[in-house]
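User: I should like to learn how to read the packing of a protein interior from a structural model. Could the discussion begin with the general idea and then turn to the case at hand?

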Amino acid sequence: MQGSLVLSLLAVLLAAANGEYSCSCMNSPAKCSLSEDQCTVNSTNGACMFTLETVSSGDETVYATCVENRTTCLTGLISLTVGTDKQVRTNSMCCQSNKCNQNITLAVPPKSSPKNGLQCAACDAPDADQCKNVNIPCMGSQDRCIDFAGTLVKSTTTTLVLKGCATQSACELEVNGTFYYSQKTYTLTKAICRAATSKGSNVAVHALAFFPTLAGLLLGKQLS
């Protein structure tokens, strides 16, 4: 036990000497754990990112990770629905010092239960070929459809394709930005955000497209 503490202290001292600081879950929040091994970031450009993630079941987990470019660290609340009864809510914060998450409290809004009449195509898969793109209803204040793709940080082979309903805050995410989802940190390679459509709009569009064809058939019948 004492040996582990000594090694951790030495790691922090060496990082400080090299113009770096360590990102780790210290004291608060109580459920915080590292999504990676304890890591260090450059004190000039980097940041520690802490994210509270809550899923539909109600389970909450806080994870810490290192962000090499602090300008890509998006903070604040995001609410997603990416499948039937699959809601994910996150709240993130970034800071730039050792143990900087101490005395920080993260919270997320309660699960959105009322459907708002909007819909989006949904997908949560490793690649686009596995997406079924089934339309799902949006909840609460979710009025945007996202179409995201990303690569797991420190990996070139683990990928994610994510589509679904989202709050406006998700539209602030950009390509090359850091995105935290399902206890993993991804670098976004695609970040498309558009307005969600009303549930009956697709039917209306198909009906409008059919009317000219129907009118032409009736006119041709009368002329003959």
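Analyst: A nonpolar core is a set of buried Ala, Val, Leu, Ile, Met, Phe, Trp, Tyr and Cys residues joined through side-chain atoms within 4.5 Å. The model shown here is predicted. Its largest nonpolar core has 17 residues.

User: Which residues of the largest nonpolar core touch the most other members?

Analyst: They are Leu80, Ile146, Phe148, Leu162, Leu173, Phe179 and Tyr181. Two or more residues of this core come from each of strand S6 (76-83), S10, strand S11 (159-166), S12 and strand S13 (184-195).

User: With which residues is Leu80 in contact, leaving aside neighbours within four places in sequence?

Analyst: Leu80 contacts Lys86, Gln87, Val88, Gln142, Ile146, Leu162, Cys165, Ala166, Ala170 and Phe179. Another core, of 14 residues, lies apart from the one just described; Cys23, Val41, Phe50 and Cys100 are among its members.

User: How many aromatic pairs does the structure hold?

Analyst: The structure holds 2 aromatic pairs. In one of them, Phe148 and Phe179 meet edge-to-face, with 5.5 Å centre to centre and 80° between the planes. Phe148 belongs to strand S10 (residues 144-152) and Phe179 to strand S12 (residues 178-181), so this pair ties together parts that are 31 residues apart in sequence. Phe179 also forms a stacked pair with Tyr181, at 6.2 Å centre to centre and 5° between the planes. Phe148, Phe179 and Tyr181 thus make up one aromatic cluster.

User: Why does Phe179 count as buried, and what is the relative accessible area of Tyr181?

Analyst: Buried means under 20% relative accessible area. Phe179 counts as buried because its relative accessibility is 5%. Tyr181, with a relative accessible area of 3%, is buried. Phe148 is buried as well.

User: How should confidence be read, and which element has the lowest mean pLDDT?

Analyst: Where pLDDT is low, the predicted coordinates should not be read in detail. The protein averages a pLDDT of 76, and 71% of the residues score at least 70. Among its elements, helix H1 (residues 2-17) has the lowest mean pLDDT, 43, whereas S10 has the highest, 96.

User: Where does pLDDT stay under 50?

Analyst: One such stretch is residues 1-17, for which the model has 6 contacts beyond four places in sequence. Over residues 203-211 the pLDDT is also below 50, and this stretch has 0 contacts beyond near neighbours in sequence.

Note on methods. Residues are numbered from 1 along each chain as its sequence is written. Side-chain values use heavy atoms; hydrogens and water are left out. Rings of Phe, Tyr and Trp (its six-membered ring) pair if their centres lie within 6.5 Å; planes under 30 degrees apart count as stacked, over 60 as edge-to-face and the rest as tilted. Helices (H or I, at least four residues) and strands (E, at least two) are DSSP runs, numbered from the N terminus. Buried means under 20% relative accessible area, exposed over 50%, partly exposed in between (1.4 Å probe, protein chains only). pLDDT is the predictor's confidence in each residue, from 0 to 100. Contact means heavy atoms within 4.5 Å.
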